[in-house]
Structures are given as structure tokens and as C-alpha cells.
Amino acid sequence: MVGWYLCISDTTPPAAAYAAIGGIQGAIAHTAEEIFSAFTEDEARAGRELLLRLISPGDATEDTSRTAGRGELLNAPESERVLERLVRARLLTVDDGAVDLAHEALIRGWPRLRGWIERDRDRLRLHRGLTDAARTWDGLGRDEGALYRGAQLAAVREAFGTPLEDPVTPTAGRRIGRRVARSVRHSRLLAARRTRAGLVRAPLRAAAAPVPLDAEAVLTPRERDFLAASFRAHDDALRAAVLTTRRLRALTATLSVLLCLATIAGLGVWKESRANDRRAVQAEARQLAEAANNLRESDPGYALWLSVTAWRKADIPETREALFAAAAQPDSAVYRLETANTENTENAENAGSGDPSALRQDLSGDGRSLLTLSPGSSDTRGLGRLASDRSGAGLGRKLKRLVAIAPHHRALALGTDHGIRMWDVSSGTFTGPVFGPSTSGARGWFAPAGEVLAAQAPGGPLQVWDTTTGRELLDTGDTRPPAGHVQVSSGARLLAYCAADGPLRVWDIETRRNLDAPWTDRVGGGCGAGEFRFTPDGRALAFATPSGVRTIEVRTGRERPRIVTDGLPQLAFGADGAHLATLTATTLQIWRTAVPDSPVLRLPMSGVTRSDLRLDMAESAVRFREGEAPALTVRTIGVNTTDPRDWEDTPLSAAVFSQGAEVLATARSRAYEIRDGEGRLRQGIPQAGECTAPCRPLMALHPSGEVFARLDASGRVVVHDLGAHFPRPPDRSWVEERNPADYVLPPRPGVTGMAFSTSGTSVDTLGVSTSTPGQTAFASADHHDTWHGYGWSSARESHHGRILAASGDSGRFITDRRRMVSTVDEGGSPAVMRGEGRAVSVAFSQRGDLMAMADAGGRVTLWGDFGERNLAVLAPGKPPAPGSRAERPVALAFSPNGATLAVGDGHGKIQLWDTVKNRSVPLPPADGPVLALAFTADGSHLRVSTPHRASRTYTLDPDAVAESLCRRVRDLPWSALLQDGTNQPGQEQCSP
């Protein structure tokens, strides 16, 4: 204090000098700081520990000083020297071996000491408790009952560590060390558990305490002995507990091990049993699925039931494929004629006719019944939903004089000694007058309604007779035998036939006049290898040619739209003439005769012989006979993919879905349409004006479905805002306005493609590719803001082909030459999907990492890493034959999670590919070539657009598919399927 006083100027009054140094506290603090600053590092450490031992930290009270003996304070070599200097500075007092702070003001006034106390308050409190406990223990003669245990021992160990034991041999030291380490870990765990249980309050810790001094230097010998005794007592207690419980634990452990082994063995047996059962069920399900696939054509009804049964036994890839294959399989029934042959042979033998070969069978004109004639019976088997079975009297020996069977199967034309008479099948008696030639061996051909019969006896003329009145309607005078069928039109107005050595002859029955038919030269005279038929309206003849079907009106020679097939077809018209079925050696197709650009149904056929094709649109069925005697069958194939009333009046030529399939844009002749996802019309956009170039649909739909772009008749790009109508500024020189929601961009000649990209920002970009004889270019139009709308933003020369699609939100567009182009030509236009040909269709997953591509030959490939890595070839495809009509592009779409790729081709075939396992399942064929397809937002349904139906929704839920198949199973005509008397699969067998 004197030193600090002398530092004050001699002119300063004593009172002012005393105030200047902070009073008594300041003087003491200055003196303590001066003394402490003069200490060496070791002296400072010893001084800090010495001073802290003289402090009793308060708990919500003021910190106070405490008295300590010299022996407690002198724990370091420097402690004696430090103590003497502090005493000389009158900071400490010594009285009979007891040391104390000279002034309490030192605690409050010296910042350094105050900081030590605040930082080490919790540890100091523990230390003071340890000191007192050690003194008490020593005073009690070092009684073990006064030692620390539990949480107190754990807290002290954490603060001060474990004191060292007396030196021992190395081997013993290692052994003791291992025991002590184990006991320490156990005691810490026990203390922690007791603390969590609330039995002992855990000691407080400073938030940022400094590293404490070395425990051996901080603790006095008595404190170290106290802690060592506490740890030894604790270890001894643990060892005693261990020894006490060891036998019990050993026994318990032995029993537990035995129990565990027994449990594990039993669980293993149970799991193996379950696994074996599961494998057995899966193996059985695979066998059922394989059987279903093998029976799809020979026994389609039973294949349906097997497919559902297999999937419900085990949902594995093979059974799921069988389930969806059954859903794609059209309703089909098979009636085996050889069974009927056997039955009728027995009837014939019972009737005494003796010649089973006289059996005659005929499929009705509408295909709804099969008539079997034998000497012993006349049986009519109903094949339609409303048709019933009927049996009549046999014809006996009259069967040999059968002239013709009426298309409706209610009557026959039989030859008699006096001429031809009609025979009623149900009553088994003759009806009506005698007419026609009386010579045996006559042949006849009925009109579609059976009211007129064309007949010719050997060597006689071909004549036409009214079967009700017996009146002769026409005598052609042509005695040449017809080559093939003779056709009488509906209404009995026209007769057409091919003579054995002449061209097609056509007669007007009403005027009895041979009509001039110069148009027959277009079809090679009309009497080629293919058949010909009158259309149901009776005004035209349809000719089957090797390249398809040509239909020519008899009186005018005007040709109706042609139908192209893959070979020489059989023909069958629907009752109203709106639909035509064609059957070649490989394909069954249904056509709309008014617009036969594409079939509404296309089914592949195997190479079995087929005949007597019938089309029954009222029951949505196609029927025909297949095979050869004695294994003839009648097959019924359902063609009710959709209701014809839902078909478009004029076929669509293009379609595109928004992401999530909520909005659909379609195009047809001279018009664009905006629809909802289910195909309902929202807005029509007529194509105004005459096309300056060949009119072709070219459009793009924003992924959100809110913006639509199209190419108008003059070749300009028009962008439609399908959402809010934006206000327009007065000055819009860069946009030509069509209506308040349209942006007509200045012309860009030769537009070849367009697509929208969101670019990952709020700016939407329409990419447009153009091509002229002198230049190929890429341009983009941006949605600038809500005031200006769309306008051209960039254009540059580009030789990378036409735009096919946009790659999500990356701002890049892919072209048919597999180049990625962008609005800014940074980094060039890299090639992707290397090694493939020119693309015609491309699809991106929503994340953009997966790509699918199809080329002109139908080859479909799957790519990962943004088109850098080929994952799979999904469809190999084949190059189009030279001169053949170009196939429609394959439609592609990824599911929202990218796990499934939908592929639809120009034949209406739809496949779902697993992008991970590279397996596919089919969906029911579409109503014609697939124009576009898209998954709904949740991925549970697939929507498909075709020329004939704007949108059709397919469910992808296996449970829903199984339930729909069960309904089909229950509706099948099992009486026609199970002719061997086996039990039909009932409803309970098609239940989960």
C-alpha cells in the first residue's frame, strides 16, 4: 500500500490520494497484483492454489475467507517462499501455524482472485468438502464409515482424478490396474444411474472451466489418502458383491445360455419352416403363372383365373407379370367342335344314317350361334351373351340334299324331287312353296337376311329366288359355275359373282340388268385370290387384296378410304358397316371404315388356320373358326376395349399431356383442342386461314398445363395463356396480339419442333427449332414478366436437328440428333445417348437423371447419368421395310418417382418397364396407335391418348386389376368353355 501511496504526486492531498487508488480495497488489490506479477510461473501456480485454499466459496451467499494450517498450504516446493512473501506484503496473516487472509476485501477487490473463484467455484466447493471430509475421517481414526461413496466419489474422481497407489511390482501393477479400471467404470455407471434416478444430486459444472491444476499438487497427503481409501473401499465392496453373486450369475448364465440356445434353435426351425413354406407357395405360384401364360390362347378363360390365383398366392415379379398379361388379354372363349362331332356322330348312328361324315357345321352371319346338322339332330349352340341353345329334329337322308344354310340359322334350303324348299330348323318341317331347279346337286347362297336365295344347278343358269313367295327375281342366263362365293347385297338389290373364266359380274336384281363395272380393273378384275363382300349398306363392294382392303361403290365407281393390312385379309363388317374386321395370318384388326387411318384394335395372331370371320359390334366380339378337322374350334374374342360411343368423330392426329396428366392438348384437322386429363373438352382453338405450307400439327404444352404453344396456318408460333389473362401494355411492337390471352410471335420460317422448359427459375422458355433450305436454327421465347408475356429472346444458327423435348428444369432441349441445346450456348451442345440412331421420341424423368429414347425402327433404350450411361435396351426394334408406311413414333413417359417407364407404340401396344429390374408387364391394348401417355401425379394411373379416344385411364394397382379380372372370370360363358364337365371356378375361388 505504501508503494502505491508514494506513486501519488507530492502535491496531492492524502485523502485524494487514498481515493485515487480505490480506497482500502484498491490498495490491497494493487499490492496483491504487484506481488503476483513478480512471481515466476511455478510460484504463480503455487500462489494461486494457496490463496484458493483460503477461500470458502458461497452457495448463493458471499464468498468468505477460511483458516488453514501451514501443513495444508505447503504442497509445492515454492509454497513456503510464496507464503512468506504474501505475509510480508501483509496480504496474509499467520497466527500459531494458522494462516488466514489479512483482509476480506482481498476477495472482493482483487479481480484476479475473483476470476479464479468464479471459474473454479464448483471445483472449489468440492475441494472444501473433500478437505473437511478428510479431516473428519482422520479425526475418527480413519474409520471406513466416513469415506466417500457413490455419487460423491464419482464427482470427486471427475474433478481430481484417482490418486496413485504405493509402488508395486510391474506384474502386480498391471493386474491391479485392470481391476481398478473395471471398478472405476462400474462405479461411474452406478453413480450415473443413481443420479438419473434422483437418489443423489449431480454436482454442478462450470460452463467453461479452465483445466485444473495437477491433482497430486492440489491435494494434501491427507486428502490423497482419504480418496485412496475411498477408492479401495469402493473396489473392495464391488469385489465382495462380485464374489457373492458370481455363483448365482454363473448358474443364471448357464441357464440363460441353454434357454437362448433352445430359443434360437426353435426360432431358426420356425423361420426355416416359414421360409420353406413361402418358397413352396412361390414355386406353386410360378407354376400357375407359367400355366396361365401357356393357356392364354388355347384356354383363355381358365388362363384368367389362373393368373389371379397365382398373384394372390404370392406377389412376385412372375405372378405380377401374369396378372397384367391377363388384364391385357382380351375376353376370349373357345368352343371345341370335336366334342360336338362325337355327340352328333352318336346321334347319327342311333338314327341309322350310318355316315358320320355327313355332319355339317355353320357359323351364323352375326357369329352368335353355331349350327350343327346331322342325320339325327339339328343343334344350335349359342355363342353370344343372349343366344340360347336349341335342338331340333335331324335331317336324316335329306342332309345330303342340303343347298344352303340361312345366315340366321332358323331355316335351311333343301333340294327335293320337285325343286328347292325351305326347312324350319326348330320344328323340323318344310315351309313355303317349291322354287328353283329340281336337279340334285344344286348350290345356293342366301342374302344377309335370308329372304332371297341365289341358286344354280349343275349345267343350269344362276338364278335369284324369293324364298317366301317362290318367285324368280333374276335369271342371269350364265351357266358357268361360280368361282368362289356368290354375294347378294342387303335388301336383295345387287348380285355379284365371279364366273369360272371371267371377271366380276354385277347384276341389278330389281331391273334384271347386268351393270357395267369398268372400275374392276383397279382391283385386278375383282376375282383375285382374296374374297369380296358387299358393304352392309348394299352400295359398295369391299375387295381383299394382298396390301389391304379396297372398297368401291358399284354404281359410281367412287373408291372409299383404303385400309392397309400386313397380308391378304379375311373380311367381316359390323351390322351397321361402321366397322370392319380384317384377319391375316398374323394380325386381327378392327377398323373404322369412315376413317381407317389406324385400327382401333390390333391383336397378334399365331399361324393357325382360321376361317368364317364374324364381327359383332353389338356384343363387342369377333368370332371365327380355327384349326383343322378333327380339332376345329370356334373362338370368341372380346373387342370391347372402350365404348365406340366414346370415340372421336374425327380421329386425332397428335396429343400431349401435361406433367401429372391433368391437362391434355390434342390436334386434329385444322383445329387444336385443350382438354382435361380425362379427355373432356375445355377449349377449342380453330386453325384460321389457309396453310402456307402443308398443314401439320405442331404444338407444345407447358408441364404445368397453364401455357400452350402451337404453329398456326401461316407458320407463326402462337402462345396461349390457359390460366390468368395478363394485362397488356400499349406498346407491344414485338408481339402481335390475337386475343387477350394469346401471344403471336413474329414469324420464324420452317418451324420443325418446340418444347417448354422451366429453366429452374420463374422464367419459362419455349424452345423452337427451324429449318430452311439455307439454314437450320434454334430460337427461344421467354416469358419475360406478367406485363410483357412471351417474345423472342434469342436465336442462333444450329445444325443439331429439331427439338423433341425439354430436360425438366435444366433449361436444355434435346433434338432428334441427340444433342442437348440451350438458350445460351455455354459449353456447346454435347451429344448424349451415344451409339444410337436418330431419335423420334425422348422422355425425361422428373429429376432429369433418367432418359428414354426411341428411334424410327421402334428401338427403345433407357439411359442414366443424364444420357451418359446405357442402362438397358427395352425393345430391340427393327428397321422399317423399304417402301413401307412409316410407323408412328413410340410414346414414352416416366412415373413421378422414375421407377417405371411406360412405352406405347403405333400398334396400340403398351408396356410398363421397371427401370431398376428391367422387367415389363403389358397393359390392355389401346384404341389405336398411342399418341401420348402420362402418369397421374401419384403414379397410380396411366392416361393414354389415341386417334380414336382422347384419353383413356388405366389403373396400375394390382388389387384393382385382380378385382376387374375376377369380374371378367365370373362373366365368362363357362358352359361353352368347360364342355368336359369339370367344375367351373366359382366366385369364392376368385376372392382373396
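**Questions about a predicted protein model**

Tutor: Let's start with one residue of this predicted model: Glu43 counts as buried, at 7% relative accessibility.

Student: Happy to! Which residues does Glu43 touch, not counting those up to four places away in sequence?

Tutor: Begin with its place, which is in helix 4. Buried means under 20% relative accessible area, so the 7% of Glu43 falls in that class. Leaving out residues up to four places away in sequence, the partners of Glu43 are Ala38, Glu78, Arg81, Val82 and Arg85.

Student: Are helix 4 and helix 8 roughly parallel or roughly perpendicular to each other?

Tutor: Two packed helices are described by the angle between their axes and the distance between the axes. Here helix 4 spans residues 41-53 and helix 8 residues 111-119, and their axes come within 11 Å and cross at roughly 70 degrees. Angles of 65 to 115 degrees count as roughly perpendicular. The pair is therefore roughly perpendicular.

Student: How many nonpolar residues are in the contact of helix 4 with helix 8?

Tutor: Helix 4 brings Arg48, Leu51 and Leu52, while helix 8 brings Leu113, Trp116 and Ile117. Sorted by class, one residue is charged and none is polar, and the nonpolar residues number five.

Student: Now to another part of the chain: is Ala500 buried or exposed?

Tutor: Ala500 sits in the loop between strand 20 (494-498) and strand 21 (504-508). Apart from neighbours within four places in sequence, Ala500 is in contact with Pro481 and Ala483. The cut-off for exposed is over 50% relative accessible area. Ala500 has 52%, so it is exposed.

Student: What is the C-alpha to C-alpha distance between Ala500 and Cys527?

Tutor: In sequence, these two residues are 27 apart. In space, the C-alpha atoms of Ala500 and Cys527 are separated by 9.5 Å.

Student: Where does pLDDT stay under 50?

Tutor: The protein averages a pLDDT of 80, and 81% of the residues score at least 70. Where pLDDT is low, the predicted coordinates should not be read in detail. For one such stretch, the model has 26 contacts beyond four places in sequence, and that stretch is residues 199-217. Another, also with 26 contacts of that kind, is residues 338-354.

Student: To finish with the whole protein, what percentage of the residues is buried?

Tutor: The secondary structure comes to 18 helices and 59 strands. The accessible surface is about 47,200 Å², with 52% of it belonging to carbon and sulfur atoms. Of the 992 residues in the protein, the buried share is 49%.

Notes: Residues are numbered from 1 along each chain as its sequence is written. This is a predicted model: local features need pLDDT of at least 70, side-chain atom pairs count only at pLDDT 80 or more; totals for chains, interfaces and linings use all residues. Side-chain values use heavy atoms; hydrogens and water are left out. pLDDT is the predictor's confidence in each residue, from 0 to 100. Contact means heavy atoms within 4.5 Å. Helices (H or I, at least four residues) and strands (E, at least two) are DSSP runs, numbered from the N terminus. Buried means under 20% relative accessible area, exposed over 50%, partly exposed in between (1.4 Å probe, protein chains only). Accessible areas come from the Shrake-Rupley method with a 1.4 Å probe; for residues, only the protein chains shown count as cover. Axes are lines fitted to C-alpha atoms, for helices over the stretch in contact, and angles run from 0 to 180 degrees between N-to-C directions. Angles under 35 degrees count as roughly parallel, over 145 as roughly antiparallel, 65 to 115 as roughly perpendicular and the rest as oblique. Ala, Val, Leu, Ile, Met, Phe, Trp, Tyr, Cys and Pro count as nonpolar, Asp, Glu, Lys and Arg as charged, and the others, Gly among them, as polar.
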